[in-house]
Amino acid sequence: MTDVNHTQSVPERLVDLAAARTRHGDRVDFLVPMLQVGDPLADAVVAEFDEHGRSARAALQRGLAEGRASVPDAPPAVDALLAHAETVPAWVSQELLEQGDRPSLAVPFHWRSLAFSVGSLTHTYSSPSIARLLVGTGRLTSTAPRRLAETGLWNASAILPGGLLHGASGLVQTVQVRLLHARVRATATKHGWDSERWGVPINQADVARTWLDFTVVPFKLLEGIGYRLTEEEQSLLYRYWWYVGRLLGLDEEFFLGIEDHEQAGELLDLLDSTSAAPDENSRQLVGALFDAAGANLASAPQSPMDGAGWRDLMHALAHRFHGEKATAMGIPESPLTAVLPLIAAGEAKARSYQLQVPGALRQAEEVGISAIRGLAATLTDSTAYQDHVSPS
């Protein structure tokens with residue numbers, strides 16, 4: 001568990017703490033100081049990158065791919081991060097890692113894409129503090145299609161069977177994402193980020209929000225269109241993502257013990273209810289995101305709609321899922337809202353077939369695995385997080 005100072009002042013970004021305390025009790029006392037905690041292990045590695053340059057980056061990359069023992073002369077911070085990445089806690093099931101995130105793999109590709117964009121990323125951008133940081137870096141308004149694909153590639157690599165085993169692409173990319181967070185944190189701090197107001201850049205609470213944006217958020221959106229996980233699937237999902245959370249540098253107190261949507265929803269409510277309303281930065285990010293996601297869906301083989309049609313569906317889903325927050329993020333109403341119940345009925349029927357017909361669920365997982373590997377093949381160039389740790 002990360003050491004925290006419970007006497008720190010409350011960042012101005014937090015709102016309605018009294019109401020949150022009524023619902024969540026002393027979890028508020030854990031949340032508040034976590035806004036001033038980054039990721040000491042990753043932050044130290046970025047400092048070593050700046051000091052040692054190519055040699056430190058090369059040691060990290062080789063250690064991730066070939067194991068810590070392959071770089072006995074690694075700088076101390078790099079060595080510590082490699083040791084952390086190689087240490088598999090007792091609560092991680094080897095069988096689960098070998099199987100991958102099966103509940104996510106079985107979701108039809110277009111619904112995974114919609115849940116990812118309309119659910120996960122839209123919810124991330126609804127936080128004014130996160131949106132302010134991202135707009136400040138210029139990473140997601142000017143290059144939204146590329147960044148959308150990169151984040152999707154990381155997520156895809158992490159959930160594949162064996163993706164989080166030692167040396168596997170998902171584990172390597174997850175640690176790279178963690179280090180990119182550390183680089184953004186260092187850069188924003190250097191350029192005058194107001195931590196007293198906003199908390200440390202990409203602090204522990206923000207990483208927890210990201211963790212929820214790949215677990216409860218997309219699957220609650222999917223529930224709204226008839227795709228529901230069983231209790232067993234929910235447990236598999238969260239137990240798998242416990243390990244992803246650890247690899248991302250998230251304090252275990254945030255996620256250990258969460259095994260279903262109800263428990264995850266309590267943490268989600270704590271974070272959402274203490275966050276201010278979306279602002280102009282949120283609206284910029286969401287607008288760029290929807291344009292990019294709609295174009296991606298329209299370009300998929302045998303797509304039934306053009307980009308405008310996909311955006312109409314995204315707008316309808318956003319209002320159904322995010323409610324008033326969708327309006328605050330500048331998402332327009334959609335003519336497709338009225339047909340969502342019909343879509344949900346059809347998807348519920350398809351999901352029932354998937355669960356009841358022998359072999360159907362496994363077939364869906366195999367289709368998902370094939371689609372994800374196809375996605376990975378489309379990004380042959382290096383990604384932003386790979387560029388950051390590359391020794392070249």
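**Exercise 1. Place W310 in the fold: which helix holds W310, and is W310 buried or exposed?**

Step 1. Start with the secondary structure of this predicted model. W310 sits in helix α19, which runs over residues 307–322.

Step 2. Check the accessibility. W310 has a relative accessible area of 5%. The cut-off for buried is under 20%, so W310 counts as buried.

Step 3. List the neighbours, skipping residues up to four places away in sequence. W310 then touches H110, L114, G294, L297, A298, S303, P304 and M305.

Step 4. Add a distance as a check on your viewer. The C-alpha atoms of W310 and A156 are 22 Å apart in space, and the two residues are 154 apart in sequence.

**Exercise 2. Describe the largest pocket: how much space lies in it, and which helix gives the most to its lining?**

Step 1. Take the volume. The largest pocket holds about 750 Å³ of space.

Step 2. Find the lining. It consists of 32 residues, and those nearest the centre of the pocket are F109, S113, N296, L297 and L375.

Step 3. Assign the lining to helices. At least two residues each come from α8 (109–125), α10 (144–159), α18 (280–299), α19 and α22 (360–378). The top contributor is α8, with eight residues.

Step 4. Sort the lining by class. You should get 20 nonpolar residues, 11 polar ones and one charged one.

**Exercise 3. Move on to the cavities: how many reach 30 Å³ or more, and what lines the second largest?**

Step 1. Count them. There are five cavities of 30 Å³ or more.

Step 2. Look at the second largest cavity, with about 160 Å³ of space. Its lining has 15 residues, and S104, R112, N155, P218 and F219 are the closest to its centre.

Step 3. Trace the helices. α8, α10 and α14 (216–223) each supply at least two lining residues, and α8 has the largest share, with four.

Step 4. Sort by class. The lining of the second largest cavity has nine nonpolar, three polar and three charged residues.

**Exercise 4. Classify three helix pairs: at what angle do α21 and α22, α3 and α11, and α19 and α21 pack?**

Step 1. Take α21 (residues 340–356) with α22. Their axes lie 6 Å apart, at an angle of about 110°. The range for roughly perpendicular is 65 to 115 degrees, so α21 is roughly perpendicular to α22. R351, Y353 and Q354 of α21 make the contact with A360, L361 and A364 of α22. By class, that contact has four nonpolar residues, one polar and one charged.

Step 2. Take α3 (residues 40–52) with α11 (residues 169–190). Their axes come within 9 Å and cross at roughly 70°, and α3 and α11 are therefore roughly perpendicular to each other. On the α3 side, the contact is made by L41, A42, D43, V45, V46, F49 and D50, and on the α11 side by R178, L179, A182, R183, R185 and A186. These residues divide into eight nonpolar, no polar and five charged.

Step 3. Take α19 with α21. The angle is about 90°, with axes 11 Å apart, which makes α19 roughly perpendicular to α21. L313, A316, L317 and R320 of α19 meet L340, P341 and I343 of α21. This contact has six nonpolar, no polar and one charged residues.

**Exercise 5. Characterise R246: is R246 buried or exposed, and which residues is R246 in contact with?**

Step 1. Locate R246 in helix α15 (residues 231–247).

Step 2. Read the relative accessible area, 10%, so R246 is buried.

Step 3. Leave aside neighbours within four places in sequence. R246 is then in contact with H84, T87, P89, W91, R178, E252 and F255. One of these, R178, is also among the α11 residues in the contact with α3.

**Exercise 6. Inspect the backbone: what is the phi of D16 and of Q302, and where do these residues lie?**

Step 1. Recall the background. Most residues other than glycine have a negative phi.

Step 2. Compare D16. D16 is not a glycine, yet its phi is positive, about 55°. D16 lies in the segment before α1 (17–24) and counts as exposed at 53% relative accessibility.

Step 3. Compare Q302. Its phi is also positive, near 60°. Q302 lies in the loop between α18 and α19, and at 81% relative accessibility Q302 counts as exposed.

Methods
Residues numbered from 1 in each chain as written. Predicted model: local features only at pLDDT ≥ 70, side-chain atom pairs only at ≥ 80, totals over all residues. Heavy atoms only, no water. 1 Å grid on protein atoms, 1.4 Å probe; cavity = no way out; pocket = protein on both sides within 12 Å on 5 of 7 lines; lining within 4 Å. Points joined across faces, edges and corners; volume = space filled by probe spheres on them. Nonpolar A, V, L, I, M, F, W, Y, C, P; charged D, E, K, R; others polar. Buried < 20%, exposed > 50% of the residue type's maximum accessible area, 1.4 Å probe, protein only. Contact = heavy atoms within 4.5 Å. Axes fitted to C-alpha atoms, helices over the stretch in contact; angles between N-to-C directions. Parallel < 35°, antiparallel > 145°, perpendicular 65-115°, else oblique.
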